[in-house]
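This report describes the overall architecture of a model, chain by chain. The sequence and structure are shown first.

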Amino acid sequence: MRKLKPKLSTVRLPLMLALATSVAGLMVGCNDKEGVNNSSDADSKAETALAEDQSITINNTAEPESIDPHKVSAVPEGNIIRQLFIGLVDTDREGKTVPGMAESWESKDNKVWTFKLRDAKWSNGDPVTAEDFVYSWRRLVDPNTASPYASYLVDAKVSGAEAVMAGEANPETLGIKALDNKTLQITLTEPVPYFPDMLIHTSTKPVPQKVIEQFGDKWTDAANIVVNGPYTLSEWRVNDKIVLKRNPSYFDNAHTTIDTVTILPISSPTTDVARYQAGEVDVSAEVPPEQFESIKASMGKELRVAPRLCTYYYKYNTVRPPFNDVRVRRALALALDRDVIATKVMGQGQQPAYQLTPPSTNGMTNFTPEWQAWSKEQRIKEANSLLQQAGYSASHPLKFQLLYNTSDNHKKIAVAFSSLIKEALGADKVQVELVNKEWKTYLDTRRTGDYDIARSSWCGDYNEPSSFLNTLKTDNTNNHGKYSSPEFDRLLNQTLVEGVDAKQRANLYQQAEAQLDADMPNLNMYHYVGVRLVKPYVIGFPDNDPLDVWHMKDVAIAKH
Amino acid sequence: MLKLIFRRLLEAIPTMFILITVSFFMMRLAPGSPFSGERSFSPAVMANIEAKYHLNDPMWLQYVNYLKQILMGDFGPSFKYKDYTVNELLSQALPVSIELGLYAFILAVVLGLIFGIVAALKQNSWIDYIVMAFANIGVVIPSFVKAPLLVLIFAITLKWLPGGGWNDGAVQNLILPVTALALAYTASIARIMRGSMIEVMNSQYIRTARSKGLPMQRIVLKHALRPAMLPVISYLGPAFVGIITGSIVIETIFGLPGIGQLFVNGALNRDYGMVLSLTILVGVLTIAFNAIVDILYAVIDPQIKY
């Protein structure tokens with residue numbers, strides 16, 4: 001038996017290799033330093049030399065549940081469906097509502113709307129008619145379709161929508177009618193002045209009746225699908241990629257430059273950026289926050305940061321202690337230093353939030369709470385006083401659980417929140433327990449109301465304050481904290497009264513936010529920004545639309 | 001032999017039955033619904049959705065209906081991917097995982113056997129240590145470090161290989177994921193092979209062969225390899241199943257549309273149909289490969305009789 005003579009310890013070799021590879025990794029990231037590019041493209045497609053191969057690959061963060069407009073409810077699905085189906089209206093690069101399938105529309109009273117359709121075809125040659133929209137909207141609210149967004153037409157106040165959705169009336173009773181092939185009439189129960197703006201939503205898009213009746217659930221297969229938008233589905237491999245190809249029947253096809261769009265479902269921001277750097281992704285969906293600074297330094301010109309119509313907040317459970325007491329709710333809101341959260345913990349350009357509705361929302365007069373101008377000491381003094389009035393002190397501390405769904409970011413913010421509050425009010429007076437639950441479990445807990453504070457966020461479905469404020473109306477399905485204020489409800493209902501003009505509406509929204517500040521059902525933290533990487537040869541990718549409603553037909557690839 | 005196969009089939013039935021039943025009820029007991037999302041739906045809408053998928057039926061009825069369905073080979077609709085049935089999704093994803101798994105498996109076995117044999121024959125020399133250290137790196141570094149590291153080196157820096165994507169199984173897209181997947185199993189196979197080989201090489205009949213003057217190559221390949229491989233083979237059965245089904249990290253990082261992603265996303269999304277069908281699939285595969293392993297045993301070692 002030979003004697004044991006270790007030449008090189010089996011521990012040291014792997015360690016050296018690990019160090020070597022990590023050093024190699026660090027050296028890769030350093031390139032020239034550039035600033036962040038915030039401007040939208042000045043080049044027009046016409047002026048720049050275009051590449052031979054007009055193909056683009058974009059990351060969409062998740063595998064879509066479906067591309068049937070009536071079966072979906074989330075953003076990744078909407079992004080894909082938008083390239084395939086065009087509704088009555090569309091949006092331009094700035095996010096403004098522009099004609100889509102409808103050339104023009106009018107309404108005398110904001111209750112009865114008449115849309116005149118343009119000459120447009122489906123990809124199988126059939127003309128797009130008003131009947132298509134009648135069929136589609138009926139299918140949306142039909143209980144047999146089981147559409148998750150059936151209630152959108154209820155929110156839009158379309159007459160008969162609620163009864164049909166509940167199965168109490170036939171879909172034919174829905175307030176939508178084809179006056180002739182090219183004229184569509186929609187009747188609302190109340191005047192909704194911004195009704196056309198609401199029609200950018202996925203659920204209101206038309207679907208081809210003949211194809212659905214022929215193929216049933218398989219109508220979205222690449223072999224069967226028929227579309228009216230700039231692109232059609234060429235290939236769909238679940239968890240791999242979705243490939244869209246140009247649809248020559250699209251009415252504005254002459255202005256479409258990109259021929260092929262490949263959409264990837266990469267959910268990890270780190271992998272997203274890695275494949276972007278490897279040259280396989282042309283437009284990333286996001287950037288990992290911890291890499292933001294280093295990416296800004298090395299790829300600043302390709303980094304786009306733009307405000308988004310979303311707010312991050314902590315939702316109070318207003319029907320059980322301790323947060324059924326408005327003084328406690330306001331105490332925490334005053335004590336929290338939002339600037340630290342927005343600039344230090346997040347640090348990508350997020351704005352601290354003092355109201356629910358993002359300040360850039362169309363038709364909003366922003367509300368500034370009195371205490372926003374106070375000094376930090378003043379706010380903390382007031383917060384302490386409120387806590388004391390509510391009966392909390394060192395001998396009877398405020399104890400609560402903070403619920404958030406599993407994510408590094410939410411955890412960071414929760415930990416920061418906890419320590420900021422304790423620093424401001426005193427660790428002896430406040431005890432926070434952080435509870436982290438997996439997404440579906442978190443949703444279930446929130447639904448049953450078994451929480452004190454829950455991390456939450458809301459993005460607008462359309463660019464108007466009601467898409468945010470409606471969530472706090474009494475009995476709104478998204479009002480998990482069960483906040484109920486007759487005055488708040490009255491103010492919102494007032495915005496839809498006959499004769500109220502835009503200025504008055506904006507004023508009412510401001511008063512509504514003031515009411516929310518007095519009652520503090522949510523602790524608003526910050527308004528979102530969208531951060532993505534875009535290759536320099538991609539021209540025309542929009543970054544001025546706060547709803548982030550991008551169209552590949554507006555984009556082109558420059559020679560590179 | 002036939003008796004063995006028949007017995008295994010008979011044992012499989014109650015095993016699968018218990019597996020399906022336990023999985024079914026555990027999935028339903030987990031909090032959360034397949035249809036919950038950030039935006040809560042009105043009760044009317046929720047009722048419509050649940051009626052469509054028969055989630056309103058009493059639990060025992062749903063269970064019985066599900067059993068009837070799978071006996072026909074129909075795994076039902078996917079609760080998450082509404083345009084597809086589970087059968088369609090599996091038929092897209094299974095070939096990917098099998099191809100990936102097969103290549104990784106072959107690579108792991110070949111490398112593992114070679115490393116193990118070389119290390120055993122040169123026991124305690126510097127060759128032994130280098131080979132085993134390299135093999136151990138493969139198992140010690142977790143796959144979620146290995147994979148991004150490989151991408152960083154070969155895709156981003158050197159730009160030799162793509163950073164991800166399936167690309168219909170193109171060779172360049174396979175190299176990195178197969179390597180990352182194989183490395184973890186290479187070490188285990190190498191270690192088992194090394195240990196087993198050392199034991200065999202020290203046994204009586206090998207010493208007899210050496211003293212008779214037979215060349216080492218003949219001894220190793222003709223006399224030592226077969227018995228030394230027995231422990232490796234019993235490891236290979238579950239290892240193969242593990243490679244095919246457990247490659248979730250690799251599939252996620254490289255964006256490969258295999259069943260690993262379907263499995264984890266299915267659990268996270270509460271896609272009952274998907275998760276149950278994959279559980280059944282894994283159960284069937286495990287039973288099948290354990291049976292194959294037992295048969296191989298009998299083939300290799302004439303001492304083993306059933």
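## Contacts and burial in chain A

In this predicted model, 69% of the contacts in chain A with a separation of 6 or more are accounted for by residues 24 or more positions apart. Chain A has 560 residues, of which 47% are buried; a residue is taken as buried if 20 or more other C-beta atoms lie within 10 Å of its own.

## Fold content and dimensions of chain A

Chain A contains 17 helices and 18 strands. Its C-alpha trace extends over about 80 × 75 × 55 Å along the principal axes.

The radius of gyration of chain A is 26 Å, which agrees with the value near 24 Å for a compact globule of 560 residues. The reference value follows from the globule rule, 2.2 Å times the number of residues to the power 0.38.

## Secondary structure of chain B

Chain B has twelve helices and zero strands. Read from the N terminus, the order of its elements is therefore α-α-α-α-α-α-α-α-α-α-α-α, where helices are DSSP runs of H or I with at least four residues.

## Dimensions, burial and contacts of chain B

Along its principal axes, the C-alpha trace of chain B measures about 85 × 55 × 30 Å. Of the 306 residues in chain B, 39% are buried.

When contacts in chain B are restricted to residues at least 6 apart in sequence, 73% of them join residues at least 24 apart.

Conventions. Residues numbered from 1 in each chain as written. Chains lettered and ligands numbered in written order. Predicted model: local features only at pLDDT ≥ 70, side-chain atom pairs only at ≥ 80, totals over all residues. Helix = DSSP H or I, 4+ residues; strand = E, 2+ residues; numbered from the N terminus. Buried ≥ 20, exposed ≤ 12 C-beta atoms within 10 Å, placed from the backbone. Contact = placed C-beta atoms within 7 Å.
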